[in-house]
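Reader: I should like to learn how one reads the features of a protein model. May we go through them in turn?

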Amino acid sequence: MLQGWFQIALMLLIVVAITPFLGGYMARIYLGQRSLLDPILNLIESQIYRLSGCQAQENMTGWQYARAVLFSNAAMALLLASILFGQGWLPFNPTGLSSPTWDTNLHTIISFITNTNQQHYSGETTYGYFAQFAGLGYMFFVSAATGMAVGVAFIRGLTGRPLGNFYVDLIRTITRIHLPIAIVGTIVFIAAGVPETLAGPAIVPTLENPAISQAIARGPVAHFEVMKELGENGGGFFAINSAHPFENPNGFTNLLQIVGMVAIPASFIYTYGVIANHKKQAWLVYGLVMVIFVVFVAVGAIGEYNGNPAVNALLGSLAPNLEGKEVRFGWAQSALFSVMTTGTMTGAVNSMHDSFMPGGGFVTLSNMLLQIVWGGQGTGTAYLFAYLILAVFVTGLMVGRTPEFLGRKIEKREVVLASFLILMVHPIAILLPGAIALSFPSAGADAAQGLFNGITNPGFHGLTQVLYEYASAAANNGSGFEGLSDSQPAPAALWWNLSTSFSLLAGRYIPIVALLLLADSMSRKQPVPLTVGTLRTDTGLFTGVTAGIILILGALTFFPVLALGPIAEAFQIARGG
């Protein structure tokens, strides 16, 4: 037990230690300050700007920035579509895989361009090497960089600066943040035992009968794995993701993956502090998120350590819940990984979330419903400060203070946009398709053959499966609770592919546009001087109020479905049901 808690504490200390270094570096990049890589990257970037026709010094308005995001992402999606639909004619396809069904391809394209990487397929048996590293791997960079560009544009707007240029932010994020770390990380992963090869599957005799051969899938995994975590992508090269020994062979790579998931979103809060010249507030907000995260980790880890009461009764002693987990990771690293991957919107898994105790299901779901612990690349920090804007407005009403944030008044437009972002888009993208799926019963005795939902578990657990699927899509997380017939050839796969595509698009692009318009509105406001009537937002009291507002809004919106899912299941298990 002590070893497991020590592993969790060590990881948290590492995250806190790297935050000011990585956060400060990212701030320097986005402020256009000098860095060690300038002599090389300035030349490369200038050529990219010249060839693309990008006016690097041109600032964009909120609508211009939003259009640049949408148009560029549409072009990237078309490029990925040409690769996936044409993979049968492409090179580096050693097993001769043909293109899957149109709806699987459509869902995959939307999923990867939105930085979700929700997979309704098995990687090693669906897409060849070229489709994986040139198509999906390309999306690892551009989709993550899109979120970070939006995040830094939002920060600039809050601080009264012009929003900047989307294409410049996109290119700088890739060349100066993602690529350098990914290159070093790939070398480390290869040294740690993760394969990086274009050779086809290895054919080996089985231990049971040497006369029978077995094909062991492999491929260019190491570089794929680094960006899977660093870019909060989460899509696995293999079907079982980071539970596969070629993606995550040992405790060291598991630690690297956990730190890789949270490094950028946690550091981005510090980046805000540097750009806004308000490090005190950044650390207060950082502490708010860390406290919620630690509580969630504790709830999930305690549930897995205590195990299933029914199993414990049979054994006559307390035993951790190891169903659906890799023994080499155990209960502690599995629980920590699950809370981290849903908190950071990464979506990678090193264990099956469907096998977790109800406490684990509750915290992983809550992470995706809140989206701020730690949140997505760039957009997570933007969501967090949208909550702060609402907190400023609500607190100002309660105490009679002027609602201002960073010296700029919070008025009707900002409150409407923040409320629309938090209280409408996310709930609709989750609850509407979820209600439709649950309203259609499965056809026949086998639930897996249901035309619409294909829910394979009855009762409270089945409801959690559905809620989790749409929360994962709308939050751009991508992890799966599993237990749904969402892969071909099940008849229900068409429903899941199309309905989650709606949640993927609504959960990504509507909030991005709202965030950019909110930032644009803040950037145009004239700063007002501090007075005795100004509500200070850099105090522990206000940070506590913000935490309360976050939890209250989350509870009011989603508590009913949580009560019918993991909470009800916990009572059922406790009563021996």
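Author: The dialogue below takes up the nonpolar cores, a buried serine, the salt bridges and a surface patch. Please keep in mind that this is a predicted model.

Reader: Let us begin with the interior. Which residues of the largest nonpolar core touch the most other members?

Author: A nonpolar core is a set of buried nonpolar residues joined through their side-chain atoms. Here the largest such core has 129 residues, and Met11, Tyr65, Phe293, Trp374 and Phe405 touch the most other members. Helix H6, residues 129-158, gives the most to this core, namely 16 residues. Another core lies apart from it; this one has 23 residues, including Tyr470, Leu484, Trp495 and Trp496.

Reader: What does Tyr65 touch, leaving out residues up to four places away in sequence?

Author: With those neighbours left out, the contacts of Tyr65 include Met60, Ala149, Val150, Ala153 and Leu163. Gly164, Asn165, Phe166, Asp169 and Leu516 are also touched by Tyr65.

Reader: I turn to a polar residue. Is Ser355 buried or exposed?

Author: The general idea is that a residue counts as buried when its relative accessible area is under 20%. Ser355 has a relative accessibility of 14%, and therefore counts as buried. Its place is in the loop between helix H12 (330-343) and helix H13 (358-370).

Reader: With which side chain does the side chain of Ser355 make a polar contact?

Author: The partner is the side chain of Glu323, at 3.5 Å. Not counting residues up to four places away in sequence, Ser355 touches Asn321, Glu323 and Gly324.

Reader: Let us move to charged pairs. How many salt bridges are there?

Author: A salt bridge pairs a side-chain nitrogen of Lys or Arg with a carboxyl oxygen of Asp or Glu, within 4 Å. The count in this model comes to 12 salt bridges. One of them joins the side chains of Glu45 and Arg176, at 2.7 Å from N to O. Glu45 belongs to helix H2 (residues 38-52) and Arg176 to helix H7 (residues 166-191), so this pair ties together parts that are 131 residues apart in sequence. Glu45 counts as buried, because its relative accessibility is 3%. Arg176 is buried as well, with a relative accessible area of 4%.

Reader: With which residue does Lys525 form a salt bridge in which the closest N and O atoms are 2.5 Å apart?

Author: That residue is Glu411. Lys525 lies in the loop between helix H17 (493-523) and helix H18 (540-574), and Glu411 in the loop between strand S4 (408-409) and helix H15 (412-439), so the pair ties together parts that are 114 residues apart in sequence. Lys525 is buried at 14% relative accessible area, whereas Glu411 is partly exposed at 43%. The side chain of Lys525 also meets that of Glu414 in a salt bridge, at 3.4 Å from N to O. Glu414 lies in helix H15, so this pair ties together parts that are 111 residues apart in sequence. Glu414 counts as buried, at 1% relative accessibility.

Reader: Which residues are linked in a network of salt bridges?

Author: Glu225, Lys228, Glu229 and Glu247 are linked in this manner.

Reader: Finally, which residues form a nonpolar patch on the surface?

Author: The members of the patch include Phe420, Leu423, Met424, Ile428, Leu432 and Ile436, together with Phe440, Phe502 and Ile510. Together the patch residues have about 730 Å² of accessible area. H15 supplies the largest share, 6 residues, and H15 and H17 each supply at least two. Ile428, for instance, lies in helix H15 and is partly exposed, with a relative accessible area of 41%.

Definitions and conventions:
Residues numbered from 1 in each chain as written. Predicted model: local features only at pLDDT ≥ 70, side-chain atom pairs only at ≥ 80, totals over all residues. Heavy atoms only, no water. Core = buried A, V, L, I, M, F, W, Y, C linked by side-chain atoms within 4.5 Å. Buried < 20%, exposed > 50% of the residue type's maximum accessible area, 1.4 Å probe, protein only. Helix = DSSP H or I, 4+ residues; strand = E, 2+ residues; numbered from the N terminus. Contact = heavy atoms within 4.5 Å. Polar contact = N/O pair within 3.5 Å; in protein donor to acceptor, adjacent residues only side chain to side chain. Patch = residues over 30% accessible without salt bridge, like charges linked within 9 Å, V, L, I, M, F, W, Y side chains within 5 Å. Areas by Shrake-Rupley, 256 points an atom, 1.4 Å probe, with all protein chains shown as cover.
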